[in-house]
Amino acid sequence: MRLSDDIEKVLISEEQLEQINEELAAQLSKDYADKNPIFVCVLKGAVLFLTDLVRKMDIPVEIEFMDVSSYGDGIKSSGDVKILKDLDVSVAGRDVVFIEDIVDTGLTLAALTELFKTRNAKSIKICTLLDKKENRQVNVKSDYIGTTVPNEFVVGYGLDYAEKYRNLPYIGVLKPEIYQN
Ligand code: IMP
């Protein structure tokens with residue numbers, strides 16, 4: 001099968017993603033020039049974004065990974081995040097930037113931000129490729145946003161539906177029949 005056959009429309013093309021990454025990388029490079037920040041990539045969706053982003057930056061950046069899942073009934077998140085994989089280093093006194101694929105309800109990043117405050121990070125910022133503003137349930141402010149997206153389920157460039165479509169090079173909307181099956 002071809003993954004692209006399941007895509008109804010392309011929302012953000014490879015060229016647009018490249019442009020977004022250039023702009024975010026330039027801004028982050030300026031803001032973190034002498035700070036040696038820790039970029040905390042939230043698995044798995046943000047991996048492709050992280051790797052493209054940091055290759056466009058010419059300043060020291062440390063990379064760490066966290067894997068989290070929200071507790072809940074499967075339909076609605078309760079907002080408590082369960083840590084499946086934690087960091088290997090201390091963030092006390094460090095400048096932290098969360099690298100996320102998409103902020104939807106905001107519950108994941110709200111919980112992670114609170115957690116990292118208790119770990120005494122010097123500063124905590126959020127860099128998200130996509131912002132699905134319409135669906136926000138808690139007040140989370142992203143400091144760096146690639147672009148906003150409508151309240152549709154998107155896949156590709158790291159984002160999945162049932163662990164599929166992450167390796168599409170663009171962001172697209174799935175055909176409705178994929179959900180219905
Ligand atoms: P939040 O806690 O609701 O902000 O959830 C953010 C997480 O939900 C993201 O890291 C994604 O894993 C997932 N998510 C939210 N919207 C989408 C989507 O449209 N496509 C794929 N994953 C999504």
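The paragraphs below lead through a predicted model of a protein with a bound ligand, going from the ligand to the salt bridges and then to some unusual backbone angles. Because the model is predicted, local features are described only where pLDDT is at least 70 and side-chain atom pairs only at pLDDT 80 or more, while totals for chains, interfaces and linings use all residues. Residues are numbered from 1 along each chain as its sequence is written, and side-chain values use heavy atoms, with hydrogens and water left out.

We begin with the ligand. There are 15 residues around the ligand, and among these Asp 101, Asp 104, Thr 105, Thr 108 and Val 154 come nearest; a residue belongs to this shell if one of its heavy atoms lies within 4 Å of the molecule. By class, the shell has six nonpolar, three polar and six charged residues, where Ala, Val, Leu, Ile, Met, Phe, Trp, Tyr, Cys and Pro count as nonpolar, Asp, Glu, Lys and Arg as charged, and the others, Gly among them, as polar. Strand S5 (95–103) and helix H3 (107–118) each supply at least two residues of the shell, and S5 gives the most, with four residues. Helices (H or I, at least four residues) and strands (E, at least two) are DSSP runs, numbered from the N terminus.

Which atoms of Asp 104 and Val 154 lie close to polar atoms of the ligand? For Asp 104, a backbone N or O atom lies 2.9 Å from an oxygen atom of the ligand, and for Val 154, a polar backbone atom is 2.7 Å from a nitrogen atom of the ligand. With Glu 100, by contrast, an N or O atom in the side chain is 3.3 Å from a ligand oxygen atom. Taken alone, the ligand exposes 490 Å², and the protein buries 81% of that; such accessible areas come from the Shrake-Rupley method with a 1.4 Å probe, and for residues only the protein chains shown count as cover.

The next topic is charge. Side chains of opposite charge can pair when their charged atoms come close. The structure holds 14 salt bridges, a salt bridge being a side-chain nitrogen of Lys or Arg within 4 Å of a carboxyl oxygen of Asp or Glu. In one of them, the side chains of Lys 56 and Glu 22 meet with an N to O distance of 3.5 Å. This pair links distant parts of the chain, since Lys 56 is in the loop between H2 and strand S3 (62–72), whereas Glu 22 is in helix H1 (residues 14–31), 34 residues apart. Lys 56 is partly exposed because its relative accessible area is 27%, a value between the limits for buried (under 20%) and exposed (over 50%), found with a 1.4 Å probe and protein chains only. Glu 22, at 38%, is also counted as partly exposed.

Two further salt bridges can be set beside this one. Arg 55 pairs with Asp 52, the closest N and O atoms being 3.0 Å apart; Arg 55 is exposed, with a relative accessible area of 64%, while Asp 52 is partly exposed at 27%. Asp 131 pairs with Lys 133 at 3.2 Å between the closest N and O atoms, and here Asp 131 is buried at 2%, whereas Lys 133 is partly exposed at 49%.

Salt bridges also link Lys 44, Asp 160, Glu 163 and Arg 166 in a network, and two of its members lead to the backbone. Most residues other than glycine have a negative phi, and most peptide bonds are trans. Lys 44, in the loop between strand S2 (38–43) and helix H2 (47–54), is joined to Leu 43 by a cis peptide bond, with omega about -10°. Glu 163, in the loop between S8 and S9, has a positive phi near 70° and is partly exposed, with a relative accessible area of 49%.

Tyr 165, in the loop between strand S8 (154–155) and strand S9 (171–174), likewise has a positive phi, of about 80°. Is Tyr 165 buried or exposed? Tyr 165 counts as buried because its relative accessibility is 2%. Not counting residues up to four places away in sequence, Tyr 165 touches several residues, including Leu 3, Asp 6, Val 155 and Leu 174, where contact means heavy atoms within 4.5 Å. The C-alpha atoms of Tyr 165 and Ile 7 are separated by 9.5 Å, although these residues are 158 residues apart along the chain.

Technical notes
Polar contact = N/O pair within 3.5 Å; in protein donor to acceptor, adjacent residues only side chain to side chain.
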